[in-house]
Amino acid sequence: MSGGSTGSQLLARATARLVEAGVADPGRDARRLLAHVLKVPPGRLTLFLPEPVAPEHAVLFDALIDRRAARVPVSHLTGRRQFYGREFLVNSSVLDPRPETEILIEAALSQPFTRVLDLGTGSGCILLTLLAERPGATGIGTDLSAQALEVAFWNRNALQLEPRAALAQGNWWGALGDAPETFDLIVSNPPYIALTEMPGLAPEVRDHEPRMALTDEGDGLAAYRAIAAGAAAHLAPGGRLLVEIGPSQGAAVADLFRASGLVDVAVIADLDGRDRVVTGRLQAL
C-alpha cells in the first residue's frame, strides 16, 4: 500500500487481502482497523475515505492488515473491545468479551443485588459492567492468571470503580482465602470448551486467546463442578448463581446446580436460541 493512496483505495486493497486470507467479515474488520489508525470514530470513517492517507499511517495500516490476515483478532490489534456499551482493554491474556455474555449481564441485572463475586474475571468485563450498572453495589473479581488481573485492574481504574471492585488472585473459591463472606450474586464465565472441541475453534480463538480460559483440558465441565461444589457456602440466603455455558451443556450444568442444593434452576437461551446461561438460587431462610 503506497503512500498517497486515498482511504478508499487502502480499504479496497485491505478488504481483498482479508478475503484472500479467509477472514469472516473482511470489510468490517478493514474499516475498524483503518478507523483505528486514523483515530476517527468508525461511524465517521466514510467522511475521511476520499482523502489521501499519510504514508506513515498507510504503513501502519498495512502491518495491521497483515496481522489480521494471520488471524490475530481485531481487538488484539486495537487493544479495545466494546461490551455492554463500554470500552474495555483486552489483550492475549484475557478472553475477548463477546456479545453472548451480555445474556448473563441481563439475567444478573433482572433482580437486585448489592454484593457480587465474579469467578474467573479475566478482563473484568462482567464484574465491572454489573457494578457500573448498579451504583450501590460492590464486588470482588478473582482469577488464577496474574496477567489477566493486570488487565482487570486497568479496566477497573479506567471506569473509576476502584472503591467498589476488589481483585484477588487464586483458583475459584481459593482466591477468597478463609474469609466467611457470602454474596447475593455470584457470576462466572469459566473455561467450558472440551479438549476434543479445541481443534474446531476459529484460529482467532484457538491460537490467540489464553488456553486456560478456554478449556479445562477435559470434558469442559470441571469448572462447573468446582463452582457448584462451593456455591452453597458462599451464597447468602436467597442469593443467585449465574454461569455462562456452551450450547450443549445446559442439562449437565443444571444437574450440578440441583445436586449442590440450589433451587429455581433454569437454563436461559441466547438470541440465537442456544442455551447460554444457567441460573440457580440458594433457598432463602
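Let's start at Ala222, which is found in helix H11; helices (H or I, at least four residues) and strands (E, at least two) are DSSP runs, numbered from the N terminus. This is a predicted model, in which local features need pLDDT of at least 70, side-chain atom pairs count only at pLDDT 80 or more, and totals for chains, interfaces and linings use all residues. Residues are numbered from 1 along each chain as its sequence is written, and side-chain values use heavy atoms, with hydrogens and water left out.

Ala222 has a relative accessibility of 35%, so it counts as partly exposed. On this scale, buried means under 20% relative accessible area, exposed means over 50%, and partly exposed is in between, with a 1.4 Å probe and protein chains only. Between the C-alpha atoms of Ala222 and Ala108 there are 23 Å, and the two residues are 114 apart along the chain.

Helix H11 (222-234) also helps to cover the buried residues of H12, along with strand E7 (235-244), strand E8 (263-269) and strand E9 (275-281), among what covers them. Contact here means heavy atoms within 4.5 Å. Which residues of helix H12 (residues 250-259) are buried? They are Gly250, Val253, Ala254 and Phe257. These residues lie on the same side of H12 because they cover an arc of only 100 degrees around the axis, the arc being that of the directions from the helix axis to the C-beta atoms. The general rule is that an α-helix has 3.6 residues a turn, so residues three or four places apart point the same way. On the face turned away from the buried side of H12 you will find the exposed residues Ala251 and Ala259. Just after H12, Gly261 has a positive phi of about 100 degrees.

Positive phi also turns up outside glycine. Most residues other than glycine have a negative phi. Lys39, which is not a glycine, nevertheless has a positive phi of about 60 degrees. Lys39 sits in the loop between H2 and helix H3 (45-48), and is exposed, with a relative accessible area of 73%. Gln160 is a residue other than glycine with a positive phi, near 60 degrees. Its place is the loop between helix H8 (146-158) and strand E5 (165-169), and Gln160 counts as exposed at 65% relative accessibility.

Now for a pocket. The second largest pocket has a volume of about 320 Å³. Of the 13 residues that line this pocket, Arg32, Pro42, Thr78, Arg80 and Glu87 are the closest to its centre. Helix H2 (26-38), helix H5 (74-78) and strand E1 (80-83) are the elements that give two or more residues to the lining. A pocket is an open set of points on a 1 Å grid over the protein atoms alone, where a 1.4 Å probe fits, with protein on both sides within 12 Å along at least five of seven lines; lining residues have an atom within 4 Å of a point. Grid points are joined across faces, edges and corners, and a volume is the space filled by probe spheres set on the points.

Helix H5 also holds Ser75, which is buried at 2% relative accessibility. Leaving aside neighbours within four places in sequence, Ser75 is in contact with Arg80, Arg81, Val90 and Asp96.
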